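Dear colleague,

I am passing on the structure below, together with some notes on what turned up when I went through it. Please have it open while you read, since the notes are meant to be followed residue by residue.

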Amino acid sequence: MTKYAVFGNPIKHSKSPQLHNGLFKKYNINSIYEKVLVQDAKEIRDYIIKNNLKGANITLPFKEDIYYLCDELSDDAKDIQAVNTILYKNNKLIGYNTDGDGFMESIDSYKGIKTALMIGAGGASKSVALALKKNNIKVMVANRSHAKLEFYKNKSFETSLLSDIEIKQYDLIINTTSVGLETDDLPIKKEILEKLFLQSLYIVDIIYGKETSFLKLAKAMNKTNQDGAMMLVMQGVYASMIFADINISFEDRKEIMKDSMNANISN
Ligand code: ATR
């Protein structure tokens, strides 16, 4: 039986085993998937090799550290400089990043997006911005401070400080800051956010398992919106396609997404 695991710290809350074991069952794949608490990325590498795992998922806070410990990297992982999926093959750790694919699939029903405003520029933002760009969507990246905007400037994104943000129409607005995680604060002043929301079509907060003030405002303004739950499930589905080298059809992926949402698998 082949073995897989998700590594993180904390990891107790992770529903990845539920998702992946469910997929293995659905597709008759004789494999098992567990969760492992680790202290650092080196421990992840050692565990995979020692236990001869076929693959792994990496979650917070190790996605960047493990990037440097992989033997080979996919183009997406290289672009993002972070790894969320590993395949262990021919004694090599091959790093992938499926977060961008997961994000794009989560907004698949949002049609006609040409422009996007991404608020926040932390680790979780890179996959989102690069995936949007790959899909020919023009992205403005706005952050509270300068430092994290450098990555985006170097990749030719338009950037702005949150305090200087130009109020205009963006089809999609995404919050990738960590603000809503532990507080009820908004990343920018409510009056400014309201003006931006008013002109936009779709609003996403990539935080999941909690309705942030950002999404509450979107709801109150009757805007089409979602949290990060579907992104989370879909990055997992894309990872499982890499693990088992199978192609899960678009229709099947939609069904898995629906089932996962009903089973509350994402939080
Ligand atoms: P992660 O890698 O998990 O995304 P991170 O790299 O610490 O976490 O990034 C958190 C993001 O939320 C950053 O864009 C951060 O802005 P700074 O670069 O200025 O720190 C943003 N953020 C955190 N708290 C914020 C707040 N109160 N208002 C606005 N942005 C905030």
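The notes below take the ligand site, then the helix packing, and then some local features of the backbone.

Please keep in mind throughout that this is a predicted model, and that every value quoted here was computed from it.

**The ligand site**

The ligand is surrounded by 13 residues, of which Ala121, Gly123, Asn143, Arg144 and Ser145 come nearest. Sorted by class, that shell is made up of four nonpolar, seven polar and two charged residues. Where polar contacts are concerned, both backbone and side-chain atoms of the protein are involved: a backbone N or O atom of Gly123 is placed 2.7 Å from an oxygen atom of the ligand, and a polar side-chain atom of Asn143 is likewise 2.7 Å from a ligand oxygen atom. Gly122 also takes part through its backbone, with one of its polar atoms 3.5 Å from an oxygen atom of the ligand. How much of the ligand does the protein bury? Taken alone, the ligand exposes 640 Å², and the protein buries 72% of that.

**Helix packing**

Helix α11 (residues 229-244) appears in two of the pairs that I would like you to look at. In one of them its partner is helix α5 (residues 99-106), and the two axes come within 7 Å and cross at roughly 125 degrees; α5 and α11 are therefore oblique to each other, given that angles over 115 degrees and up to 145 fall in that class. The crossing in which α5 passes α11 is right-handed.

In the other pair the partner is helix α1 (residues 16-26), whose axis comes within 10 Å of that of α11, with a crossing angle of roughly 45 degrees. This pair is therefore oblique as well, and the crossing of α1 and α11 is again right-handed.

Helix α1 also packs with helix α12 (residues 250-262), at an angle of about 135 degrees and with the axes 12 Å apart. That angle makes α1 oblique to α12, and here too α1 passes its partner in a right-handed crossing.

**Local backbone features**

Two cis peptide bonds deserve a look when you inspect the loops. One of them joins Asn9 and Pro10, with omega about 5 degrees, and Pro10 belongs to the loop between β1 (2-8) and α1, the helix already described in the packing with α11 and α12. The other runs from Leu60 to Pro61, with omega near 0 degrees, and Pro61 sits in the loop between β3 (55-58) and α3 (63-67).

Strand β3 also borders the loop that contains Asn52, which runs between α2 (41-50) and that strand. Asn52 is a residue other than glycine with a positive phi, near 50 degrees.

With best regards

Notes
Residues numbered from 1 in each chain as written. Predicted model: local features only at pLDDT ≥ 70, side-chain atom pairs only at ≥ 80, totals over all residues. Heavy atoms only, no water. Near = heavy atom within 4 Å. Polar contact = N/O pair within 3.5 Å; in protein donor to acceptor, adjacent residues only side chain to side chain. Areas by Shrake-Rupley, 256 points an atom, 1.4 Å probe, with all protein chains shown as cover. Nonpolar A, V, L, I, M, F, W, Y, C, P; charged D, E, K, R; others polar. Axes fitted to C-alpha atoms, helices over the stretch in contact; angles between N-to-C directions. Helix = DSSP H or I, 4+ residues; strand = E, 2+ residues; numbered from the N terminus. Parallel < 35°, antiparallel > 145°, perpendicular 65-115°, else oblique. Left-handed = near helix turned anticlockwise from the far one by under 90°.
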